[in-house]
Amino acid sequence: MNTAVLIATVGVFIGELYGNMVGGGSLVTQAVLQNILDFDIKTAMALDNTAVIGSNIGMLLMLSRKYKVKWWFFIFLIFQAIGAFLGAEILISINPDLLKTIFIASIILLVAHNLFSKETEENKKEFIVNKKNIALLSLAALFTGAYNSAFVIGDWIIALLILTNIFSIKYHEAIFLLVFTLFFSQPIAAYKYYSSGLIDMNFLVPMIIATFTAGIISAFILEKIHSKKLETFLKYLSIGLVIYLLIGLI
């Protein structure tokens, strides 16, 4: 393993640990890929989004012991997969300067969310399975799939906010829904990235192993030794990460 691959692997590992604590693990990963290793923005985002497949696999293995797949998950999956295909096309074809502008806006909004969002009580409502809600959920799946594959930053937080706040899906079930559907839809985007020359397998394989490991470890940390002080520290650390990213981009 050469030095660049090692740096990228360690970066995505730390990024997944960070992201599973407060969200926005791509802040770390992108800082490593773009600022330290000088990856262009499209390659960095494609590699980042593909590498987290490992984390989703780890989370799916853990959550599937407690949560069950429901029939409407497959409708969400179909539209999310379509969105993933379209989002990958956007990332591949978008003007790099426009992508950079969207990226900068996304990381600033992500940090603002991390710093100022407050914990809310568990939603007492429940998702009602009917034709109207399934149709709206399909549109949400299309959007979240496209955003995930095209812009990467903050995609997990956006998807969870939509599922829990708009559709009243319980938080942990929403996580299970996402990791289950992403297990199938993210490889579609990954294939599009790879066929367009954005993925280097020498980097991807160890990075996926790292994200899988980070997903398992972070789940253990959150369950056993979750600390409010650590979470607060990581939130304010995100300010420094954004500033570092902006220095490299502007």
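**Entry 1: Trp72 and Phe73**

I began with two neighbouring entries in the numbering and noted that Trp72 and Phe73 are both buried. I keep in mind throughout that I am reading a predicted model. For the geometry, I recall that a pair of aromatic rings is described by the distance of the centres and the angle of the planes. Looked up in those terms, Trp72 and Phe73 form an edge-to-face aromatic pair, with 4.9 Å from centre to centre and 75 degrees between the planes. I also looked up the total for the structure, which holds 13 aromatic pairs.

**Entry 2: Phe127 and Phe167**

Next I turned to another aromatic pair, that of Phe127 with Phe167, which is edge-to-face as well, at 6.3 Å centre to centre and with 70 degrees between the planes. I then asked which parts of the chain this pair links. Phe127 sits in the loop between helix H6 (96-116) and H7, while Phe167 sits in the loop between helix H8 (155-166) and helix H9 (171-195), so that the pair links distant parts of the chain, 40 residues apart. Are these two residues buried or exposed? I found that Phe127 and Phe167 are both buried.

**Entry 3: the aromatic cluster**

I then checked how these rings are grouped, and found that Trp72, Phe73, Phe127 and Phe167 belong to one aromatic cluster, which also takes in Tyr67, Phe74, Phe176, Phe180, Phe183 and Phe184.

**Entry 4: H5 against H7**

For the helices, I note that two packed helices are described by the angle between their axes and the distance between the axes. Helix H5 (residues 71-93) packs with helix H7 (residues 131-150) at an angle of about 35 degrees, and their axes are 6 Å apart. The crossing in which H5 passes H7 is right-handed. I sorted the residues of this contact by class and recorded 17 nonpolar and seven polar residues, with no charged ones.

**Entry 5: the cavity**

Last, I looked for enclosed space, since rolling a probe the size of a water molecule over the atoms shows where empty space is left. The count comes to one cavity of 30 Å³ or more, and the largest cavity holds about 60 Å³ of space. Which residues line the largest cavity? I listed Gln80, Thr144, Asn148, Asp155, Trp156, Ala159, Leu178 and Leu182. Helices H7, H8 and H9 each supply at least two residues of this lining, and H8 gives the most to it, with three residues. By class, I recorded four nonpolar, three polar and one charged residues in the lining of the largest cavity.

Conventions
Residues are numbered from 1 along each chain as its sequence is written. This is a predicted model: local features need pLDDT of at least 70, side-chain atom pairs count only at pLDDT 80 or more; totals for chains, interfaces and linings use all residues. Side-chain values use heavy atoms; hydrogens and water are left out. Axes are lines fitted to C-alpha atoms, for helices over the stretch in contact, and angles run from 0 to 180 degrees between N-to-C directions. Helices (H or I, at least four residues) and strands (E, at least two) are DSSP runs, numbered from the N terminus. A crossing is left-handed if the near helix is turned anticlockwise from the far one by less than a right angle, and right-handed if clockwise. Ala, Val, Leu, Ile, Met, Phe, Trp, Tyr, Cys and Pro count as nonpolar, Asp, Glu, Lys and Arg as charged, and the others, Gly among them, as polar. Rings of Phe, Tyr and Trp (its six-membered ring) pair if their centres lie within 6.5 Å; planes under 30 degrees apart count as stacked, over 60 as edge-to-face and the rest as tilted. Buried means under 20% relative accessible area, exposed over 50%, partly exposed in between (1.4 Å probe, protein chains only). On a 1 Å grid over the protein atoms alone, a cavity is a set of points where a 1.4 Å probe fits but cannot get out, and a pocket is an open set with protein on both sides within 12 Å along at least five of seven lines; lining residues have an atom within 4 Å of a point. Grid points are joined across faces, edges and corners, and a volume is the space filled by probe spheres set on the points.
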